[in-house]
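Please open the model in your viewer and keep the selection panel at hand. The tour below moves from one selection to the next and says what is found at each stop.

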Amino acid sequence: MGESVNPGLRPPVMEDVAARAGVSHQTVSRVINSLPNVSEKTRQRVEAAIVELGYRRNTAARQLVTRRSETLGVVAHSMEQYGPSHILLGIQEAAHAAGYAVNSVGQADTGGAAIIETIEYHLSHQVDGLVVIAPREAIVRAIERLNPGVPIVVIGDIGSSGVHSVGVDQQRGGWLATRHLIDLGHRTIAHIMGPTDWLDAKARRRGWEGALADAGLEPGPLLVGDWSAESGYEAGKKLFAGKGCTAVFAGNDQMSLGLMRAAHEMGLRIPEDLSVVGFDDNPDSGYFFPPLTTVRQDFAELGRRCVGMILDGIAGSDPLFSVRIQSQLVQRASTAPLPPAEGTAVSAAIEGAEGSSR
């Protein structure tokens, strides 16, 4: 660590750095703000003086000059879930790379009044822009009524709306997952969707339905979970107690994990008897048994595009109104072609289990 030029008296200021480096304070300012027209040799000399003196930028003084806080506010919701938590990480990485701090506030209440109150909190702290992670429609409706006075971007697959938004094309992701199963020869494909009030869950369901309709197939059984492995397990038990299927598209990886446990208890082999596709590609998915085929979301790109839109708005340019990022199918060992003349493995397993219990 560098030492102050006046130990015990005051911290070093820009003029001290300029004097130590033998340059003007304007040159020091250009180096600090990563501006051009400074030679590499001069830049290195200034940076060495900054380290030697322990100089730190006076953020408060800078805010008085620029009238900017260099801080973005984030209203985060459902942070216990994999998707929203990694969206926040993507935003933080992109913001820090652009020289901005992030002030995030978690919000458990999805009511419009609670969301507006949280946004007002951010505005009272002079943030330069706002990001709202909006997994539920009620949040989007509340934001549409706002006039915050700073750029605001909503993250979510919100469709047409009166706010700027960035989101992964969830419907396309659901279509990719289901199309993969269809291409493997499966014709009865079930779906375990997430909570019915989540925009992403509804979009993934539409993708499942659309891929089946494109192939001239009827939708298989539909069950609803809450994103947890436990709900996937319970949905699997209900599924295997009813009509047979040869493949399942689960709305996220955690529900896939629970489903696979239920299948194992029924004596079903994955993928020989049942193919399973998840969604998210969380870090554990490649270590399921067998490793899970899933749909990957690029949260880092989501953060970059979101922060880019905010910065465009701060700079006074007109950002894109809506950005959709494509997802990617990641094929692993939980899916396989449907063997010829088969397709009743789940039904046979169920009948066998029922017969042994009589």
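**A helix pair, then a sheet**

Begin by selecting residues 229-240 and residues 253-265 of this predicted model: these are helix 10 and helix 11, which pack at an angle of about 45° with their axes 6 Å apart. Since an angle that falls neither under 35 degrees, nor over 145, nor from 65 to 115 counts as oblique, helix 10 and helix 11 are therefore oblique to each other. Their crossing is right-handed.

To display the contact itself, show the side of helix 10 that includes Ala229, Gly232, Tyr233, Gly236 and Phe240, together with residues of helix 11, among them Met255, Leu257, Gly258, Ala262 and Glu265. Taken by class, the contact of helix 10 with helix 11 has nine nonpolar, five polar and three charged residues.

Next, turn to the open sheet of four strands, whose order is 7-6-8-9 and whose pairing is parallel. Strand 7 (222-224) and strand 9 (275-277) stand at the edges with a single partner strand each, so one side of each is left without a neighbour in the sheet. On average, and with direction ignored, neighbouring strands of this sheet are turned by 20° against each other.

Within the sheet, select strand 6 (residues 189-193), which pairs with strand 7 in the parallel sense over three bridges; centre on His191, and Leu222 of strand 7 will be found opposite.

Finally, add residues 199-214, which form helix 9. Helix 9 lies across strand 6, strand 7 and strand 8 (247-250), and runs at about 170° to strand 6.

Methods:
Residues numbered from 1 in each chain as written. Predicted model: local features only at pLDDT ≥ 70, side-chain atom pairs only at ≥ 80, totals over all residues. Heavy atoms only, no water. Axes fitted to C-alpha atoms, helices over the stretch in contact; angles between N-to-C directions. Helix = DSSP H or I, 4+ residues; strand = E, 2+ residues; numbered from the N terminus. Left-handed = near helix turned anticlockwise from the far one by under 90°. Contact = heavy atoms within 4.5 Å. Nonpolar A, V, L, I, M, F, W, Y, C, P; charged D, E, K, R; others polar. Pairing = 2+ DSSP bridges.
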